[in-house]
Amino acid sequence: MPAPKPVPFSLKVEQSVLDDLQQRLSAVRWPDEIPKNDWKYGTDLAYLKSLVDYWRTQYDWRRHEAVINSFRQYKVKLAGIDLHFIHEEGKGANPTPLLLSHGWPGSVYEFHNLIPMLTDPQSHGASASDAFSVVAPSLPGYTFSFEPGQQRFSLEQIADAFAELMTRVLGYDKFGAQGGDWGAFVTSRLGYAYPQHVTGIHLNMLAVRRDPKMFENPTAEEAKFIEELNEFLNEETGYQWIQGTKPQTLAYGLTDSPVGLAAWLVEKFYSWTDCRGDLDGYFGRDTMLTDIMLYWITGAIGSSFWPYYARRHGPWPIPQGKSVDVPTAYIAFPKEILRPPRSVAERMYTNIQRWTTQSRGGHFAALEQPEILAEDVRAFFRTLR
């Protein structure tokens, strides 16, 4: 059977969708706020009011729509859905194919600064010999890889679809992969399940098991990780329980209310980035709102929850007793959700060839520190070319 043919894609949101959004933002019904919240109990009310006012009166969607459309985008019939992806060829003698996988609550927009640094390194102060041909798909069920009523995908199924995209559709028999958040899980699964195709994986989050009981005699470093893990499990996983048990119920509110959607996502930008209490100064309102808009205009927030449900009700993506053996690199940012020590990582990743730590940055590495991430990716894959 011949491989499916990608079809060029360009984003053009109907004006009626934007007009409807304006009406909803104007008619918001605000809740009261727990006294002395200041982000402790969730998104800060005063901040969200200010953000929504900016969204309604100053944010220019068409400008950011043009940024997204500046990349070569396609859709292809694959794994039973229309899979969306960016495909930018590298500017160099022999660019390495590289698959970028985003996570939740992210999108391919996360990579809008990173991709040019990887495809055209010479224009960004690096060597043309480090160029990559970048493929950045929207995860199935996320933004442009979503249509109402379509099947849901587990992490394992996403990895299978991406492997088919790279090899059968695009003809890359060998490729590297990079990811964070769910993208780190997908990337790790690719390294485990498709070592004949994956030359190496680069991660800014580790897909290790999160069980405090897995340590019998922890080292001091491991004991610190157990403490951080327990804090995370106790205080920061409410969203995972909801999205992983009753995702349909939450989808109604966030699909109907743009303010509710913004509150749900902005809290993660605040908690998981190295913004140090200043989201606007660090991230920029337009950056957050563009990511939120991609979920709003596609109606894909409910389907984006599914990997949480599939993960909670299925096995770990790397089977018990198995490992990821392809060459692996990890870059640790200080505000990542969890930062397991190398001794923990090596239980799953047996071929770690690069391990670097940074003094600034968080969970959304491609948005927060694209230059640092790009240089680390270049340095790692330079040894594998």
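Select Arg210, Gln240, Arg311, Arg312 and Trp316, which are the residues nearest the centre of the second largest pocket in this predicted model, out of the 16 residues that line that pocket. With those side chains shown, the space among them can be filled in as a surface, and the volume to expect for the second largest pocket is about 380 Å³. Colouring by element next, highlight α6 (182–193), α7, α8 and α14 (306–312), since these are the elements that give two or more residues to the lining of this second largest pocket. If the lining is then coloured by residue class, the second largest pocket shows 10 nonpolar, 2 polar and 4 charged residues.

Keep α7 and α8 displayed and move to the largest pocket, where about 1100 Å³ of space is found. To centre the view there, select Trp39, Tyr41, Gly42, Glu267 and Ser271, which are the closest to the centre of the largest pocket among the 38 residues that line it. The elements to highlight around the largest pocket are α2 (45–57), α7 (220–235), α8 (238–245) and α10 (258–272), each of which gives two or more residues to its lining. Which of these elements gives the most to the lining of the largest pocket? It is α10, with 9 residues. Coloured by class, the lining of the largest pocket consists of 18 nonpolar, 6 polar and 14 charged residues.

With α10 still selected, add α2 and hide the rest, so that the packing of this pair can be inspected on its own. The axes of α2 and α10 lie 11 Å apart and make an angle of about 125°, and the two helices are therefore oblique to each other. Viewed along the line between them, α2 and α10 form a right-handed crossing. The residues to show as sticks are Tyr47, Leu48, Leu51, Val52 and Trp55 on the α2 side, and Pro258, Val259, Ala262, Ala263 and Val266 on the α10 side, for these make the contact. By class, the contact of α2 with α10 comprises 10 nonpolar residues, with no polar and no charged ones.

Now replace α2 by α8, leaving α10 in place, and look at the second helix pair. The axes of α8 and α10 come within 12 Å and cross at roughly 140°, and this pair is therefore oblique as well. The crossing in which α8 passes α10 is left-handed. Select Tyr239, Ile242 and Gln243 in α8 together with Trp264, Lys268 and Trp272 in α10, which are the residues that meet across this pair. The contact of α8 with α10 divides into 4 nonpolar, 1 polar and 1 charged residue.

The last stop is a set of enclosed spaces, of which a search of the whole structure finds 5 with a volume of 30 Å³ or more. Where is the centre of the largest cavity to be found, and which residues lie nearest to it? Select His102, Glu110, Gly180, Asn204 and His363, which lie nearest the centre of the largest cavity and belong to the 18 residues that line it. About 120 Å³ of space lies in this largest cavity. Adding β6 (175–179) and α16 (365–368) to the view brings in elements that each supply at least two residues of the lining of the largest cavity. When the lining of the largest cavity is coloured by class, it divides into 7 nonpolar, 9 polar and 2 charged residues.

Note on methods
Residues are numbered from 1 along each chain as its sequence is written. This is a predicted model: local features need pLDDT of at least 70, side-chain atom pairs count only at pLDDT 80 or more; totals for chains, interfaces and linings use all residues. Side-chain values use heavy atoms; hydrogens and water are left out. On a 1 Å grid over the protein atoms alone, a cavity is a set of points where a 1.4 Å probe fits but cannot get out, and a pocket is an open set with protein on both sides within 12 Å along at least five of seven lines; lining residues have an atom within 4 Å of a point. Grid points are joined across faces, edges and corners, and a volume is the space filled by probe spheres set on the points. Helices (H or I, at least four residues) and strands (E, at least two) are DSSP runs, numbered from the N terminus. Ala, Val, Leu, Ile, Met, Phe, Trp, Tyr, Cys and Pro count as nonpolar, Asp, Glu, Lys and Arg as charged, and the others, Gly among them, as polar. Axes are lines fitted to C-alpha atoms, for helices over the stretch in contact, and angles run from 0 to 180 degrees between N-to-C directions. Angles under 35 degrees count as roughly parallel, over 145 as roughly antiparallel, 65 to 115 as roughly perpendicular and the rest as oblique. A crossing is left-handed if the near helix is turned anticlockwise from the far one by less than a right angle, and right-handed if clockwise. Contact means heavy atoms within 4.5 Å.
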